[in-house]
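Notebook open, coffee poured. I want to look at cores, one helix pair and one side chain.

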Amino acid sequence: MEAIEKKRLLIFGGLAAAFVAVLSVCYFRSRSSAVLTVCMFTPATSVILTRLITHEGTKNLYLLPHFCHNVRWYIGAWLATPAIAYAGAALYFCVFPGDVAFLDSNYAVLLGVSTKEEYLSALLQVIPLAVLFNPVMGILQCLGEEFAWRGYLLPKLAARYSPASAALLTGTVWGIWHAPFIAAGYNYGIEHPVLGVAAMIVLCLVIGSIQAFLFFKTKSIWPAVLFHAAFNGIDLWKPSDLFMARPADPFIGPDLTGILGGAGYILTALICLFFLNKKVRAEQG
């Protein structure tokens, strides 16, 4: 890697870390979701400042969607993402069938339904709409992250390492970037901060591998942005809220942060890494 590229990565990393340090203190004091939203824009801000400081300009922004030849990847990022999440939830409930509590679930209580049929009818109306429209609400915030992680860090690391290795390195950095917020209780609670940080790094490795596959397939950040938005959108209709009466275990499931709730993503990530490695072997041989 050229010295200038190393310098750019160091500046980008320093800026991203500085923003997180300040905002994590704000989040620790306020527990405001607005702080988290602002933080999602800081990786892109760090990239822009790095490009200005190092006179990198606007080359290799990966903002062109290349939509015409990649429609299936966009559709998959949008629709397969929640399907994989609910498949993981189904696996969890197969392992722990006693946790299913339709009419006592948070959402059923909110609706005030009295029969399973009435509740299932409501879910069949609401979930498809949530799948279609929730990702739209998070596109800009997710662009704030993916412009940096998949659009800047990933291709720079891929210039030196294999695509799969670059995907794993980027995912690790992304997970560490989340660490102050996770340690403060976001996603995994405050009882096990170290375990929560480790779990988040693993989750980012898994999700980042899928996003890297989408990036390398399309040469655009937009499928990764859409995947990220669809992934985050599931949090608005978590399986635990829809089908459980008690709080979920964030490390197990049925929500996607757990090992069972996220099982579908783990399998998908392994498949993506396999094909990234296969692509390299094909090019070499």
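I count a contact when heavy atoms come within 4.5 Å. One caveat before I start: this is a predicted model.

Entry 1, a glutamine. I looked up Gln211, which sits in helix H9. Is Gln211 buried or exposed? Its relative accessible area is 0%, and under 20% counts as buried, so Gln211 is buried. Skipping residues up to four places away in sequence, I find Gln211 touching Glu146, Arg150, Trp174, Ala224, Phe227 and His228.

Entry 2, the cores. I pulled up the largest nonpolar core and got 62 residues. Phe12, Trp177, Phe181, Ile207, Phe227 and Tyr265 have the most contacts inside it. Which helix gives the most to this core? I noted helix H9, residues 193-218, with 13 residues. There is also a second, separate core of 14 residues, with Phe93, Leu123, Met244 and Leu260 among them.

I then checked Phe12. Leaving out neighbours within four places in sequence, Phe12 contacts Pro43, Ser46, Val47, Thr50, Ala148, Trp149, Tyr152 and Leu153.

Entry 3, a helix pair. I took H1 (residues 3-30) against H2 (residues 33-40): the angle is about 165° and the axes are 9 Å apart. Angles over 145 degrees count as roughly antiparallel, so that is what H1 is to H2. I logged their crossing as left-handed. From H1, the contact uses Val20, Leu23, Cys26, Tyr27 and Ser30; from H2, Val35, Leu36, Val38 and Cys39. By class I get eight nonpolar residues, one polar and no charged ones in this contact of H1 with H2.

How values were computed
Residues are numbered from 1 along each chain as its sequence is written. This is a predicted model: local features need pLDDT of at least 70, side-chain atom pairs count only at pLDDT 80 or more; totals for chains, interfaces and linings use all residues. Side-chain values use heavy atoms; hydrogens and water are left out. A nonpolar core is a set of buried Ala, Val, Leu, Ile, Met, Phe, Trp, Tyr and Cys residues joined through side-chain atoms within 4.5 Å. Buried means under 20% relative accessible area, exposed over 50%, partly exposed in between (1.4 Å probe, protein chains only). Helices (H or I, at least four residues) and strands (E, at least two) are DSSP runs, numbered from the N terminus. Axes are lines fitted to C-alpha atoms, for helices over the stretch in contact, and angles run from 0 to 180 degrees between N-to-C directions. Angles under 35 degrees count as roughly parallel, over 145 as roughly antiparallel, 65 to 115 as roughly perpendicular and the rest as oblique. A crossing is left-handed if the near helix is turned anticlockwise from the far one by less than a right angle, and right-handed if clockwise. Ala, Val, Leu, Ile, Met, Phe, Trp, Tyr, Cys and Pro count as nonpolar, Asp, Glu, Lys and Arg as charged, and the others, Gly among them, as polar.
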